[in-house]
Amino acid sequence: MSGFRSLSSGLRALQPEAFGADPRGERLARIRRSPHYKDGVFVNPGGPARTRPSGSALDFAKVFFDKEQRPRRSPAGTVPVHATTLADLAKPPATGLRLTWMGHSSVLAEIDGQRVLFDPVWGERCSPFPFAGPRRLHPAPLPLAALGPVDVVVISHDHYDHLDLPTIKALAGTDTLFAVPLGVGAHLEHWGVSADRLRELDWHEETKVGGLTLTATPARHFCGRGLRNTQHTLWASWVVAGEEHRIYHSGDTGYFDGFREIGAAHGPFDATMIQIGAYSDFWPDIHMTPDEGMRAHLDLEGGPGGVMLPIHWATFNLATHAWTDPGEGTLAAGRAAGATVALPRPGEPFEPGGESVPGEPWWRGAALAPVGGWQSPDGTTVKAKADTESDGAQGAAEGGEASEAVPAG
């Protein structure tokens, strides 16, 4: 048996550092005591969720390799990133709440005198390997070191597009705290974050950071970083409540009835950050469409008074829909619901309670237009870069290296 243990230890030594570490000891014992952990896995609210593409491999391949739609999965031009500087963020928000979307699900929230950084991903690829995997479609708006001090980093779950090894290792050298779902602390300790800086929570548990209360709330998703998915780490959405303001970050999730319960217990919210990208009919249980995201925002009592910030889109190509579809869909859903949707460029700070909230479809200038043009608020069409598939193919070629879609995590 010792030979088998040596072989197992040797294989673990060859694994990429980005795989992280499995929970052990008291951390694993706590996981097993969780009311949301049954038969060796964490259980989703609302029943089992499909975590891998449904349907046949052939059906998926037909969509994935479609020659007409494939060029639309990436920008045809340069994404207009706002050149955020420390000076932009040095002045306190006039209303007490300011959000800066850094791309994908990464958001800096300045709330009631505290700074919260959600799902920070500054790496070039969301992958365990630096040479393969989905690559950024735009640069990070500013270097991580230029962001300034952060009071707490909040992680929604351990997938590579939310928990990024190079980013965490950089933050490990600061004195920031980390609020994470159960089990995720094992990865962070493996990468150099001391245990006394971790706040590891089950759903409905809370922790205090300065004047803020952070609560881990349910989400409908899954976990896993290595070659096998042990389901030994939890996924979560998050509520952050200060003395004057309340915000919500969905992490990754499918739509479920629990949004209404979260809203009733913790709302209303001044702003919700809602996942609306990387959805697909092949995995409908674990990611929301823009229409579902808007429904979740309204369920959370975030609207029509609160502001919805769409996240989990525009930075990595993780599904087969067009790069612009999440933005266009959320724009239309907001208009239909009469809700306020914030549409900042990556890196553009805004105050949900301020006089103006960014709402222009900035992505259109960098994208291939649908055949016939974009829809304007009055129902007419606005033409842009390409109105034919042949123009689309040419635009994609001019846009440089394409980032291939992969089943989203």
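**Exercise 1.** Which residues does W323 touch, not counting residues up to four places away in sequence?

*Solution.* Some ground rules to start: this is a predicted model, where local features need pLDDT of at least 70, side-chain atom pairs count only at pLDDT 80 or more, and totals for chains, interfaces and linings use all residues. Residues are numbered from 1 along each chain as its sequence is written, and side-chain values use heavy atoms, with hydrogens and water left out.

Now look for contacts, meaning heavy atoms within 4.5 Å. W323 touches R72, R73, S74, P75, V79, L137, W313, A314, W362, W363, A366 and A367.

**Exercise 2.** Find the largest nonpolar core and the strand that gives the most to it.

*Solution.* Step one: collect buried (under 20% relative accessible area, 1.4 Å probe, protein chains only) Ala, Val, Leu, Ile, Met, Phe, Trp, Tyr and Cys residues joined through side-chain atoms within 4.5 Å. Step two: the largest such core has 67 residues, and W323 is among those with the most contacts inside it, along with V116, F118, L214, W238, I247 and L309. Step three: strands are DSSP runs of E, at least two residues, numbered from the N terminus; β14 (residues 307-311) gives the most, with 4 residues. A second, separate core of 37 residues includes V121, V184, F282 and W283.

**Exercise 3.** Count the disulfides, then check whether C126 and C223 are buried or exposed.

*Solution.* First, search the whole structure for cysteine sulfur pairs within 2.5 Å: you get 0 disulfides. Next, C126 counts as buried because its relative accessibility is 8%. C223, at 2%, counts as buried too.

Note on methods:
Buried means under 20% relative accessible area, exposed over 50%, partly exposed in between (1.4 Å probe, protein chains only).
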